[in-house]
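Here are my notes on this one, as promised. Have a look at the model first, then go through the points in order.

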Amino acid sequence: MVTARLRMTVLAASLLAGCATPTFDGPITPPAVARAAMSIGANDTIRTQLAADLPGFMHDFADRMGALPERPMPFASYDIRPTDGFGRQGGTLPGQVFVHFYGEAWPGEMAKPGFAGDLAWHFAHEAGHLYQHQVYATGDQGAWVHEGGAEAFAAIAMHAQGKSAEANSHIAASVADCKKKLDARTIHAALGEAEYRVAYSCGLQVNLALDVELRRVAPASDGLFSVWRRFQEQSKGREPTEDDFLAAIAFIGNADLAARVCDMVSKPSPAFTFAAANSQW
Ligand SMILES: [Zn+2]
């Protein structure tokens, strides 16, 4: 039996280790995580859009990844006067998806034109984790697998839901963020030095490039989603690793592609493309 205390611990661990996504640079604080777990009320803007966007993303992912065993319960919370900080955090547990906003600046942010698209991406990312079935590549250096994967899931679902302009805006911002955060480091090195945003912004590009190349070399597959299904199957009953993900790429695509993905995350100045032409997503 899972006690309430244990559930809180599991949620905090999930948010801190796997899925915390502050909108702006800032520390992820345990008090903010605790509030996210405890508060259920939400700002109308967030709640309305959550209800409007989440079902479409989930329908798209269900078609590709299979239905979830249970209908997930969304939780949205909004803390306009936190003790400190400003940001947004999301997380998932089996059957549950969370989003928490904190900080006095959010009313102003919500009035900006790009807010709805940004929030839609955030929901798509969290919905992506639901269909990843809480599978995470262990170790800090493997975070590009599940966080970059959830970002790529979000990009694909946003396009499918007619939000291409918003998706392209987020991708462009990620390209700039990755370049800035990575600098001369490898993705592995940056993640090893706790530059966790690299898992999202650079990981998005790795996974989108991978999806494009998979659809070229394995046209009968569903690209990145097929790799994820294989990744989930082959790591049942144990903690999956980055090597498991690379093995799944080799299974769906080929060994050369897996080796090139490995190079992309372990060598400096990655180009985020696998072919000379027509490979940009
Ligand atoms: Zn995430």
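1. Starting with the hairpin, since that's where I began looking. This is a predicted model, and in it strands S2 and S3 make a hairpin with two residues between them. Gly 95 sits in that turn and has a positive phi of about 80 degrees. S2 covers residues 87-93 and S3 covers residues 96-102; the two run antiparallel and are joined by seven bridges. If you want a register mark, Gly 91 is opposite Phe 98 in S3.

2. How covered is S2? Mostly: six of its seven residues are buried.

3. Now the whole sheet. It's an open one, with three strands in the order S1-S3-S2 and mixed pairing. S1 and S2 are at the edges with a single partner strand each, so each has one side without a neighbour in the sheet. On average, neighbouring strands are turned by 10 degrees against each other, direction ignored. The parallel part of the mix is S1 with S3, paired over seven bridges, while the antiparallel part is S2 with S3.

4. Phe 98 is a handy landmark. On the S1 side, Phe 75 stands opposite Phe 98; on the S2 side, Gly 91 does. So, if you're tracing the register across the sheet, I'd follow Phe 75, Phe 98 and Gly 91.

5. A few words on Phe 75 itself. Phe 75 belongs to strand S1, residues 73-79. Why does Phe 75 count as partly exposed? Because Phe 75 has 19 C-beta neighbours inside 10 Å, and a residue is called buried at 20 or more. Leu 50 is 25 residues away from Phe 75 in sequence, and their C-alpha atoms are 9.2 Å apart.

6. Two helices pack on the sheet. Helix H3 (residues 44-65) touches S1 and S3, and its direction makes about 155 degrees with that of S1. Helix H5 (residues 115-131) touches S2 and S3, and here the angle with the direction of S2 is about 25 degrees.

7. Next, helix H6, residues 143-160. Its 18 residues reach 25 Å from first C-alpha to last, close to the 26 Å expected at 1.5 Å a residue. H6 is also mostly covered, with 16 of its 18 residues buried. Just after H6 comes Gly 162, with a positive phi of about 75 degrees.

8. Then there's the packing of H6 with helix H7, residues 164-182. Which way do these two helices run relative to each other? Their axes come within 7 Å and cross at roughly 155 degrees, which makes H6 roughly antiparallel to H7. On the H6 side the contact involves Ala 155, Met 158 and His 159; on the H7 side, Ser 164, Glu 166, Ala 167 and Ile 171. By class, that contact comes to four nonpolar, two polar and one charged residues.

9. Finally, the overall picture. The protein has twelve helices and three strands. Of its 281 residues, 42% are buried. Looking at contacts between residues at least 6 apart in sequence, 70% join residues at least 24 apart.

Key
Residues are numbered from 1 along each chain as its sequence is written. This is a predicted model: local features need pLDDT of at least 70, side-chain atom pairs count only at pLDDT 80 or more; totals for chains, interfaces and linings use all residues. A residue is buried if 20 or more other C-beta atoms lie within 10 Å of its own, exposed if 12 or fewer, and partly exposed in between; C-beta atoms are placed from the backbone. Helices (H or I, at least four residues) and strands (E, at least two) are DSSP runs, numbered from the N terminus. Two strands pair if DSSP finds at least two bridges between them. Axes are lines fitted to C-alpha atoms, for helices over the stretch in contact, and angles run from 0 to 180 degrees between N-to-C directions. Angles under 35 degrees count as roughly parallel, over 145 as roughly antiparallel, 65 to 115 as roughly perpendicular and the rest as oblique. Two residues are in contact if their C-beta atoms, placed from the backbone, lie within 7 Å. Ala, Val, Leu, Ile, Met, Phe, Trp, Tyr, Cys and Pro count as nonpolar, Asp, Glu, Lys and Arg as charged, and the others, Gly among them, as polar. The expected span of a helix is 1.5 Å times one less than its number of residues.
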